[in-house]
Amino acid sequence: MTIPGSWYLVVAALLFGLGTFGVLTRRNVIVMFMSVELMLNAVNLTFVTYARMLNDVGGQIAVFFVLVVAAAEVVVGLGIIVAIFRHRATVTVDDISSLKG
Amino acid sequence: MVVLGLVIGFPLLGFLVLLAFGKRMGDPGAGWFGTIAVASSFVAAIATWIVLLTKHGSNRTQVLHLFRWFQAGGLRVDVSFRADPLSIVMILFVTGVSAVIHLYSIGYMKRDARFHQFFIYLNLFVFSMLVLVTANNLPLTFLGWEGVGACSYWLISFWFERPTAASAGKKAFIINRIGDMGFLLGTFLVFFNLHSVSYSKVLPEAHQLSSGTAEAIALLFFLAAAGKSAQLPLFTWLLDAMEGPTPVSALIHAATMVTAGVYLMARLSPILALAHAASMTIAIIGVITAFVAAMAATSQTDIKKIVAFSTVSQLGYMMLGIGTGAYIAAIFLMVTHAFYKALIFLSSGSVIHSLDSEQSIRRMGALAKLMPITAWTMIIAWLSIAGVPPFSGFFSKGSVLEDAFGRNELLWVVGVVTALLTAYYMGRLVFVVFYGNARWQEVTHGHDPHESPRIMTIPLIVLAVAAATAGLLNLPYSGLRFLHNWLAPVFGSALVTYHLSSSEKILLPATDAVVALLGIFLAWRLWRRHSERKALEPAVLFKGWYIDTFYDRTFARGGTALAKFSDRVVDPTIVDGAVGGIAWLFRWVGGLGKRVQSGLVRSYLLIMVAGIVVLLAYVLLSAAR
Amino acid sequence: MTLLDWLIALPALGALVVPMMALPPENQRLIRYFGIAISLVELGIAIGMAVAFKLHTSSYQFVTKVHWIGAFGIDWYLGADGISLVLVLLTAVLFTIAMFAMKGVKDYRAYVGWMLLLEAACMGSFTALDLFLFFVFFELTLVPSYFLISDFGLGASGRAAIKFFVYTFAGSAFLLVGIVSLVFIHDHQTGHLTFSLPALMHTRLPKDTAILLFLAFAAAFAVKTPIFPFHTWSPDTYRSAPIPAVVILAGVMAKLGAYGLIRFNLELFPATSRELAWLMMTLGVAGILYGAIVAAGERDLGRMVAYSSLSHMGFIVLGIFAFSAEALSGSTLQMVNHGIYTAAIFLLLGMIYERRGTLDMKKLGGLQKKAPMFAAVFILVVMGMIGLPGLNGFVGEFLILIGTFITHRWWAVVAVLGVVLGAIYLLWAYQRVFHGELKDDRGFRDLAPREALLLLPLVALIVFLGVYPMPLLARINPTTSAIVHHVATAPALGSSTVSSIVTGGTK
Amino acid sequence: MIVASVISVPQLIVFIVSVVIIAIGGVGLLTARYPVHAALFLVMTLFGVAILFIEEGAEFLAAVQVVVYAGAVVVLFLFVIMLLGVDREEIASFAGDTVRVGLAGVGVVLILAELFVVATGAWATGAHSVAGKLSSGSNIGVLARSVFTTYLLPFELTAALLVIAVVGAVILSRRMGVETTTLDSSPIESGRREVEQ
């Protein structure tokens, strides 16, 4: 007998919570970015779990695409960070507020 | 009926060719070409007439169907033309007078910078006028109706550098448009009741209309006719229209276009015959217009204004004929009027031409010896319009007045007084312009005015002959009533015949003749040696009873003020302001939201998390239910 | 693929290709030629459609139906009936002319790209039979027009562009809500989720819902048309948009509103249309009179034409809600006519602006003396606008008025006043600009051959459609008769069905 | 333990170990003072998740997870950190901002609470086997079949997406350099100084 799906889901939830907390509290953009990766992983875990519970390949496919998109996102995101850093010499989010309305 | 197509086609062809090559043809080539186009049309018209003469009875109504113009729902409108005794009379005199005036224009417009354009418009006008008179349905008539209006607009403002000319053209078009509302609504009402707009169907079935509907239709079309034929209260444009070149005044504003209203009413006689109250209204308005305009004509100093008022007055007579059911008399008057009034205008034009565009009669005088042909033709025209036997006006005006007498004596009395005035003001014109002492030295800088070139005098002579003898068309003796016999089948039962006693039949024409001679005598007494008599030229008449001034003060200025107010105040502040208010409200709400937008990413994230919490909670709660 | 698919796909593909054409500045004109070529092919397709179009039938032709977003019942569903066909023709003609009219643009790539996208969106809007698809196209028209106005306009165009965008977008918001509600009501009734117009025509609606939905649809179209009092964006926009764009804005996109009223308000809510005809017709008549009065007080030629457009669109709205075949045919025909003469007049205004840098009537005058050809074309177009018989404005106006008179007499009687007012402000403006003496010493160049060629097709159409509008009417008439019949025979709105539908709605 | 009686012990042990790895990695990421440390903790977590993937029979995904994430993504992170020379201690990561941290904590706790409800409820009730059964063959085979048939178009699109991302990244880092040299040179100089430090 395998481990019940809900256990994995709980682990995924915890991982998601950790990621969220990280995004909300860290000031270094790069670390925030890593926290986002944590959240993505949590979601991936959920997908895989549900795929197993429902015996449906769709969940894994979704993870597959999430991985690809995440890779692309990291590339572009880091590119932006580099650009911002060159412009402002900081990676601390609270220094960047050009979104102010 | 191909030949009818030719009648309409020649001026159209002339218009198109002149439009394309007119500039290259130049002066006078373009003029000759235009004249030939219209003359060919006249020849074709004669041919059409001969074709009709060979037919009998109902075969005399021939329809030339070309193509379907437009169609929707139950409405079908064709481009189809109708040759019947009524329209052939119109065609003949329109093409005939037009050809003569075209010829005259070659001389009159000589050396004008836009010589060829003038003939473009003129040919287009003749085409539109022919469409108007030959159309076999109301919308197509309207096409001609508006077409002549547009040409009139272009030709009045032909010398557009003068602000007065530009304004006059616009005014003519707009006032005609007011009348056109009547035309449109009348057409709608006809279609609503008879489910067709074609004369072939409407005219035979007109008797199905209830009398109330017929009254409404008649009055609506009379509104249109009042606009086009310059009746009260819409006549003011015709005075301003004198800003146009004189041949235009002669052709459009005397002989042809202004009579379109009369023609329209005659065409719709079966409907008019059902509308007794409307007919009476038309007769009354007609006779009042005739009187009012004749009074005003006695005090004018501008030669063309005198003639213009005279035209209004004569059109009033025609409407009087229409209103009393004397359609043939009205048409007869229209034809003779076309001859003598065109002649008066052309003679005036000849005078104006030789005096370097001077139009005030105060600066004329003693021209009879210098311009004998002009003077003599003008005198013939004067005797015709005054109604001196045996000139044409005597017969045509006499027959209108006879029927007016049969209908209502009061109409006749006013008509006769107007006839007296007509003889008087035309006499005044002739005496002041051609006799008395010469007052034109200032204008001509010393040298004497001379007779116009032959190209202008030949048309004068042709028209003078016509004006003198047109009475032969319809002599009041049983065997000689050619026009009456020709037209009577068209009007049929719509035609009202009044039976006069034999003494009345002698007394009425005699009165006319006496009154005409009396008017001429008065003019001779009063104006033989004078060019100015303040007492006889009161300001109220000189200003045309202040009617135009009244319109200008109320409608024109009021309308302009309203328009400016709407543009400057209502639209930007009230209509747009309401929307602006909403925009302001949104901006205020947005200002509240702006405070949240600190620009710090983490604040946004926090808000986002709060959103996630709420959303998830909602999903859970709604699912738990 | 039918012709209709190509009609939309071709300019859309063109719009994709154009941004990639990174040409050196001296070869920028190639992009313009590319745009012209595409629009010419479009015109060819449109004409091909008109020739292949079967007369005497009111059904949709050239239908394509492909599942697009199956889960929501959204299809790529196109089809053209007579009304669509003539508007497609108009669109093709005006875009071709607008492409030719482009001149002296900073950035041809953006300009041509936006124009092609706009053409695709307009064509799509006129032929979409799926409500969602229609909405997508309808909204898609906004983006290119916004950029065309703001980036290439004259004067304070940025502000005008925003005003235009916000107004029309606000209207569209109602439309979206209306579409979605209608689809869901239909889904609840039949269990069939679809955005297809023919299916949704059979939705039963309770009275108040129907009225709300009708108003939601009408709001979007009223802004776009524009109908009084939702018109205040139009003078600013028409005044400051670049001329080729304003040809499209006034000539084609204004028709989207009127087209939407016919296609959606009349077909989806026939009974409600009957119920609310008085409102729409009153707004139409108010627009006719108000637009004319304001136009008479206007000093700027561009704004005057904008207000005259309000007046003329008032006639079209009047005809749509008169519910007679004559009036509806007249309205459809008048849409085409209005597109043609408005395009011509705006091209002419553009030429005046180019020569003098102003459209203020007080600063112009006496132009006819220097430029007789120009004046002749101008007066011809003006006469078309006034509705001179023999020119194109008349037939539509006449049909509208006679059709309205048959069913709603007194509205027609008031609307006829517009005929007089139209002559007043247009001739007054003509007099101020062209008559009199020249106001300043600068000359005024007459029409150049290029300009004359640009105007020639429009002038020819103005005359041709005035003399022989039957080719269009023959295609319009079956459709309009069917729609009028549909509206006339639709069961009246009853309040008794409210409860049944509401309970059905919350199942 | 009751649980032990139902679940096979080796699986349980693997599960617990990987959860512990994940937990250490996650908390470490949160609390690391230097970004480089954070990156290393991230690798740890990713490995933990990969193990869980294998546990759940998603072998292919586990491999991809290791190769793409641990191999590529984290290396990229490290590159950037080194390149920018920002591997410095974060100033007052938590201190001085207690309100914000408190709010974040409350938010996270609430999310967690809700997620637990979801995780423990009988929520796995979707439509079955829309894309095909998972158990119909080897994991890679099933995935491949699905990706190259049903999800072919999205698959192609991801390829395009990756290309776009690469191009975008190149442009982002290049264009900024061009601009700063022409316009305002002070930020880049200070930036260079930072790098040189």
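Q: Helices are DSSP runs of H or I with at least four residues, strands are DSSP runs of E with at least two, and both are numbered from the N terminus. How many helices does chain A have?
A: This is a predicted model, in which local features need pLDDT of at least 70 and side-chain atom pairs count only at pLDDT 80 or more, while totals for chains, interfaces and linings use all residues. Residues are numbered from 1 along each chain as its sequence is written, and chains are lettered from A and ligands numbered from 1 in the order in which they are written. The elements of chain A run α-α-α from the N terminus on. Strands number zero in chain A, and the helices number three.

Q: What percentage of the residues of chain A is buried?
A: A residue is buried if 20 or more other C-beta atoms lie within 10 Å of its own, exposed if 12 or fewer, and partly exposed in between, with C-beta atoms placed from the backbone. Of the 101 residues of chain A, the share that counts as buried is 64%.

Q: Which helix of chain A gives the most residues to the side that touches chain D?
A: Two residues are in contact if their C-beta atoms, placed from the backbone, lie within 7 Å. By this rule, 67 residues of chain A are in contact with 80 residues of chain D. The elements of chain A that give two or more residues to this side are helix H1 (5-25), helix H2 (29-54) and helix H3 (57-88). The most, 25 residues, come from H3(A).

Q: How many residues of chain B on the side that touches chain D are charged?
A: Nine residues of chain B are in contact with eight residues of chain D. Ala, Val, Leu, Ile, Met, Phe, Trp, Tyr, Cys and Pro count as nonpolar, Asp, Glu, Lys and Arg as charged, and the others, Gly among them, as polar. On this side of chain B, eight residues are nonpolar, none is polar, and the number of charged residues is one.

Q: Which strand does strand E1 of chain B pair with?
A: Chain B has 24 helices and two strands; strands pair if DSSP finds at least two bridges between them. E1(B) (residues 62-72) takes part in an antiparallel pairing over nine bridges, and the two strands form a hairpin with two residues between them. Within this pairing, His65(B) stands opposite Ser80(B). The partner of E1(B) is E2(B).

Q: Why is strand E2 of chain B largely enclosed by the rest of the structure?
A: E2(B) covers residues 75-83, nine residues in number. The strand is largely enclosed because the number of its residues that are buried is eight.

Q: Between which domains of chain B does the largest nonpolar core lie?
A: A nonpolar core is a set of buried Ala, Val, Leu, Ile, Met, Phe, Trp, Tyr and Cys residues joined through C-beta atoms within 7 Å. The largest has 431 residues, and Ala330(B) is one of those with the most contacts inside it. Domain bounds come from an automatic or database domain assignment. Both domains give residues to this core, so it lies between domain 1 (1-136) and domain 2 (137-542).

Q: Is Thr298(B) buried or exposed?
A: Thr298(B) is found in the loop between helix H12 (276-297) and helix H13 (303-323) of chain B. Among the residues that it touches are Leu421(B), Tyr424(B) and Arg428(B). Because 21 other C-beta atoms lie within 10 Å, Thr298(B) is buried.

Methods
Lists of a residue's contacts leave out its neighbours within four places in sequence.
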